[in-house]
Amino acid sequence: MANNSAINNIYNYYLTTYAPKSTTKYDAHKKSELRGVYNSIVKLNKEDSLYIVDKSPSTREFAIGLKEGAREFRNTIASLGGLKEDELLNKKAAFSTNESLASATYIGETNPETEVPSFELEVIKKATPQVNTGKMLPPGNISLPEGLYSFDIGINGFNYEFQYNIKEGDTNKSVQEKLSRLINNTGIGLTSEVLTDEEGNSALAITSEKTGAGVSGNKVFNISDNQTSKKAGSVEYFGLDNVSTLNSDSEFKINGEDRHASGNTFTVEKMYEINLNRVSDDSNDTATISIQTDIESMAANIRHFIEGYNSFVDNANKYTEEHPRANRLVNELTTIAKLRSDDLSQIGLNAGDDGRFTLDEAKLKESVASSTVEESFKSLQTFTGSMLKKANDVSLNPMNYADKTVVAYKNPGHNFAAPYVASPYTGMIFSSYC
C-alpha cells in the first residue's frame, strides 16, 4: 500500500484499539480556532514543571481515552445549541410521528425566530451497499496450488493489494476466513464474512460501508488479480468479483414529491437530518417530521446533556484503578456538580456521590412547564458552561491526570515555549485534533 495509506491505518489502529472515534461536524475547525488551541497549549506548558511520564501502553490508552471522552462530551454540548454562553442547550428538537419508519434531528440555526417547516415522509426504498458474494465451495481441501497469492481492490480512488499464502492442508473455508480477517482489519471501507449453507459449503461475502449509486451508477469497489504482483487465479476461484447486490440510492417522497439520496441518512432544507429505518408498508405508512414545542425541546436537550455528562464521568471512572490520579478529575466534576446541586435538583437533576446525575422525569416535565423554569435553566446553562471549560481543559492536556514524577520546577517568567511537553501522546499522535 502507499505510505499515506499505511499512516492512515496506524491512526485507525490507535483510535479503534484505545477509543473508537465518532467524527461529527464539530470536529471541523477554522484556522483561527486551531491557532487558538495551539496558543492555549503553548501558554499551558510554558510555565509548567518538567515531568517524567510513564510510557506504558496503559498510560497511552488512558491519555487517548480521556482526550476522546472529553472531545465527545464537548461535541455533545455543541450539538445542543452551540458553544456560546447564550446558546447553550437552546437547540430545537425534531420530532417524528413514526420513529420506526424514520427518525429526525434538527440541525438548523438556534435562532428562535427561524421558521421551521414540517413535512410528510414516505420511504419507497432504502439505499443499499455493494455486495460481492463469492462461489459456494465444498468444505474439502482447496484446489489452488500452494504459494503466495495476491489480488487488488480498488475503492475511493485508491488501489490496495492484498497478499496471502496458501499452504498444504488449507481448506476452502480456512482460506476464506483468512481473507475475511484480512479485509476486515484494513479499514478501507469494506466488511467481510464467510457464509455457510446446510451442507457445509462456504462463500466469502464482501460488503461496502458506502451506499448509493454514485456517478453514472459506478460500483463502489472492484476486485481483480489481472495485474497483481503475486500469483493470480484466486479471484476467479473464490468468485470475489461476483456482484450480488449493486449499490443504489434511497428513494422516498416528501409531501408527495419523489426524492432520492445516496445514503439512508440525509438532510432536508439544511434544517433536518433524517435517518431512514425501514420501507413504508404502503402509501398510508408515513411519518410527519416537525419541531417539538420549546418546552419539549428544552426537556430533550437536558436529557441529552445529562447522558453526555454521565458518559464523561464513567469514562474517567474506568481508569481510576490503574491511574489513581484520574480520581482527581472525578472529584473536580463532583465538586462543580455539588455547587449547583440545589438549583439543578429543582428541575429534576439529582447529583450523586459518584459524580453522576440521575434524572427525575416527572419533576423535569413539571419544572420546564412552570413559570420559574427560566431561573433554574440559567443555572443549568452556567453549569453546562463550567463542564464545557473542563472538557476543553482535559482535551488540551489529559496528561495532567496521568501518573508522573516532577523533575524540575521552571523559573517563572524566563521560559521558552514547549507546546507538547505536557501532551506527548495526545499532542503528537493525534495532532489532527489540535
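Two rings of Phe, Tyr or Trp (for Trp, the six-membered ring) count as a pair if their centres lie within 6.5 Å; planes under 30 degrees apart make the pair stacked, over 60 edge-to-face, and anything else tilted. By that rule, this structure has 17 aromatic pairs.

Before you start clicking: this is a predicted model, where local features need pLDDT of at least 70, side-chain atom pairs count only at pLDDT 80 or more, and totals for chains, interfaces and linings use all residues. Residues are numbered from 1 along each chain as its sequence is written, and side-chain values use heavy atoms, with hydrogens and water left out.

**Stop 1: the rings**

Select F73 and F312. Their ring centres are 5.1 Å apart and the planes sit at 25°, so this pair is stacked. F73 belongs to helix α3 (residues 57-78) and F312 to helix α6 (residues 294-317), so the pair ties together parts that are 239 residues apart in sequence. (Helices here are DSSP runs of H or I with at least four residues, strands are E runs of at least two, and both are numbered from the N terminus.) Buried or exposed, what is F73? F73 is buried, at 2% relative accessible area, and F312 is buried too, at 1%. The cut-offs are under 20% for buried, over 50% for exposed and partly exposed in between, using a 1.4 Å probe and protein chains only.

Now add F305, Y309, F357 and F383 to your selection: ring pairs link these with F73 and F312 into a cluster.

Next, go to F119 and Y272. Here the ring centres are 5.4 Å apart with planes at 80°, so the pair is edge-to-face. F119 is in strand β4 (residues 119-125) and Y272 in strand β15 (residues 272-276), so the pair ties together parts that are 153 residues apart in sequence. F119 is buried at 6%, and Y272 is buried at 1%.

**Stop 2: helix α4**

Select residues 172-184. That's helix α4, with 13 residues, reaching 18 Å from its first C-alpha to its last, close to the 18 Å expected at 1.5 Å a residue. (The expected span is 1.5 Å times one less than the number of residues.) Which residues of α4 are buried? Colour N172, V175, Q176, L179, S180 and I183. Look down the axis of α4: its buried residues fall within an arc of 145°, so they line one face of the helix. That arc is taken from the directions between the helix axis and the C-beta atoms.

To see what that face packs against, show β6 (147-155), β7 (158-166), β8 (190-196), β9 (202-211) and α5 (234-238). Contact here means heavy atoms within 4.5 Å.

**Stop 3: the charges**

How many salt bridges does the structure hold? There are ten, each being a side-chain nitrogen of Lys or Arg within 4 Å of a carboxyl oxygen of Asp or Glu.

Pick E332 and K390, whose closest N and O atoms are 2.9 Å apart. E332 lies in helix α7 (residues 326-339) and K390 in helix α10 (residues 373-396), so this salt bridge ties together parts that are 58 residues apart in sequence. K390 counts as buried, at 13% relative accessibility.

Stay on α10 and select K389 and D393, four residues apart, about one turn of the helix. Their salt bridge has its closest N and O atoms 3.2 Å apart. K389 is exposed at 54%, while D393 is partly exposed at 32%.

Finish with R278, D281 and D285, which salt bridges with shared partners join into one network. Within that network, the side chains of R278 and D281 meet at 4.0 Å, N to O.

Notes
The expected span of a helix is 1.5 Å times one less than its number of residues.
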